[in-house]
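Let's take a walk through one sheet and the charged side chains that go with it. Have the model open and follow along.

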Amino acid sequence: MFKYVLRVLALVLVVAVGIAVYLGWPDQAQLPLAAVTGRRPTIGEPRGQIIPTVGVAKAVGWHDGATPVAAAGLKVRPFATGLDHPRWLYRLPNGDVLVAESNSPPRPGNGITMTVMRWLLGTAGAGGASPDRITLLRDADGDGVAETRTVFMTGLHSPHGMTLFKGQLYIADTDALVRVPYTDGATRITATPELVVKLPGGGNHWARNVIPAGDGRTLYVSVGSSTNIADNGLAAEQYRANILQVWPAEKTMRIFGAGLRNPNGMAINPWNGGLWTVVNERDMIGSDLAPDYLTQVEFGDQFGWPWYYWGGYPDDRVEPKNPALQEYSKRPDYAMGPHVAALGLAFSADAKLGEHWAHGAFIGEHGSWNRKPLSGYKVVYVPFGANGFPLPDAKPVDVLTGFLSADGKAQGRPVGVVTDKAGALLIADDVGDAVWRVSAG
């Protein structure tokens with residue numbers, strides 16, 4: 001008799017789980033995307049999920065001459081094609097462009113979580129091995145197409161951010177900041193990279209970035225979190241979810257800004273001199289939360305991760321609690337929308353795309369995996385005011401779209417953005433294996 005009772009209970013449990021999944025999965029957005037953007041976004045109630053909403057666009061690449069679609073008054077063409085997972089861009093003083101062809105390092109382990117992760121990465125076009133190289137592109141004749149391509153550096157470990165500083169090229173590998181001597185006009189570097197500081201590697205959010213600080217002595221390095229909300233404990237997040245300040249001469253570092261789940265693109269604001277970054281926020285609290293953001297970061301800022309988001313909204317999933325931090329969690333300056341995966345960031349001071357695009361920031365949105373419907377998968381522009389901050393009522397303006405096909409497949413996914421020597425905008429597309437060039441029409 002007892003075994004029949006157990007069978008009935010098991011059946012009831014299965015039905016209950018099925019009903020819960022049916023009612024709560026996948027989570028559909030209940031707010032328009034625009035409502036969760038801007039200086040004062042709508043922050044709704046969290047809708048926690050045991051089973052995450054999975055909505056990732058299948059990567060198919062560009063076919064039959066298809067290209068992204070530029071905004072009115074702009075035009076787009078390929079600057080370089082046939083690359084291998086191009087992620088990040090850096091313009092050298094002579095106008096040459098460095099491209100980090102890179103991907104996540106191998107992810108060890110098995111189990112359901114890792115199996116699902118590998119499937120997601122493969123579907124999204126990020127399942128392959130990392131090329132681990134930097135390629136140089138040169139447009140010597142100025143026609144907007146790189147006619148020269150050379151392998152600039154190899155032997156790196158999931159390289160991403162790059163910057164010149166005091167005669168040396170700094171590269172942000174996934175687990176270290178390294179440097180090599182640089183000579184203007186060089187098309188290849190064979191020197192063995194010198195270690196500057198070690199960075200925490202492994203886990204999620206593998207991509208690191210590096211830019212010079214405004215003081216002329218230090219560098220900023222962005223390091224994303226290992227997990228969604230410190231799922232493996234805070235000890236696993238040491239020196240992560242931070243922007244670090246590095247003294248390269250002394251090979252030392254400190255935490256500059258904290259509580260930033262996954263900061264990636266960084267830039268110095270040309271109008272107020274501050275450090276700005278775009279940040280990817282947390283997953284699995286619904287398709288309307290939490291908004292990725294663009295913000296200024298000052299020394300000592302704490303943006304709340306993992307305990308709080310958007311300036312003090314608590315994430316009740318996180319243990320142990322940290323109630324003392326709530327009133328000190330800084331509110332970001334501008335919401336980009338939920339799950340758009342804002343990665344690239346470039347201010348428009350060097351752009352020559354027309355007056356409409358002359359005073360703001362360009363942002364590459366890699367695209368969502370945890371939202372229904374999809375969000376991101378485009379390049380947008382945020383207008384700034386004379387005070388060096390986004391305009392109070394401004395919403396993101398589409399610059400380059402069409403990365404999603406009519407049936408919802410990913411023909412491309414934009415990542416890094418920079419301006420070229422002529423003032424056009426270059427966009428790294430790691431699914432389309434291309435660098436696109438947007439210029440004035």
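Start with Tyr-293, which sits opposite Ala-335 in β20. Tyr-293's side of this is strand β17, residues 291-297, and β17 pairs with β20 in the antiparallel sense over four bridges. Here two strands pair if DSSP finds at least two bridges between them, and strands are DSSP runs (E, at least two residues) numbered from the N terminus. A quick word on the source: this is a predicted model, where local features need pLDDT of at least 70, side-chain atom pairs count only at pLDDT 80 or more, and totals for chains, interfaces and linings use all residues. Residues are numbered from 1 along each chain as its sequence is written, and side-chain values use heavy atoms, with hydrogens and water left out.

Zoom out, and the pair belongs to an open sheet of four strands, ordered β15-β16-β17-β20 with antiparallel pairing. β15 (262-268) and β20 (334-338) are at the edges with a single partner strand each, so one side of each has no neighbour in the sheet.

Now for the charges. A salt bridge means a side-chain nitrogen of Lys or Arg within 4 Å of a carboxyl oxygen of Asp or Glu, and the count comes to 18. Lys-330 forms one with Glu-298 (3.6 Å, N to O) and another with Asp-301 (2.7 Å, N to O). Asp-301 lies in the loop between β17 and β18 and Lys-330 in the loop between β19 and β20, so their bridge ties together parts 29 residues apart in sequence. Asp-301 is buried at 13% relative accessible area, while Glu-298 is partly exposed at 44% (buried is under 20%, exposed over 50%, partly exposed in between, with a 1.4 Å probe and protein chains only).
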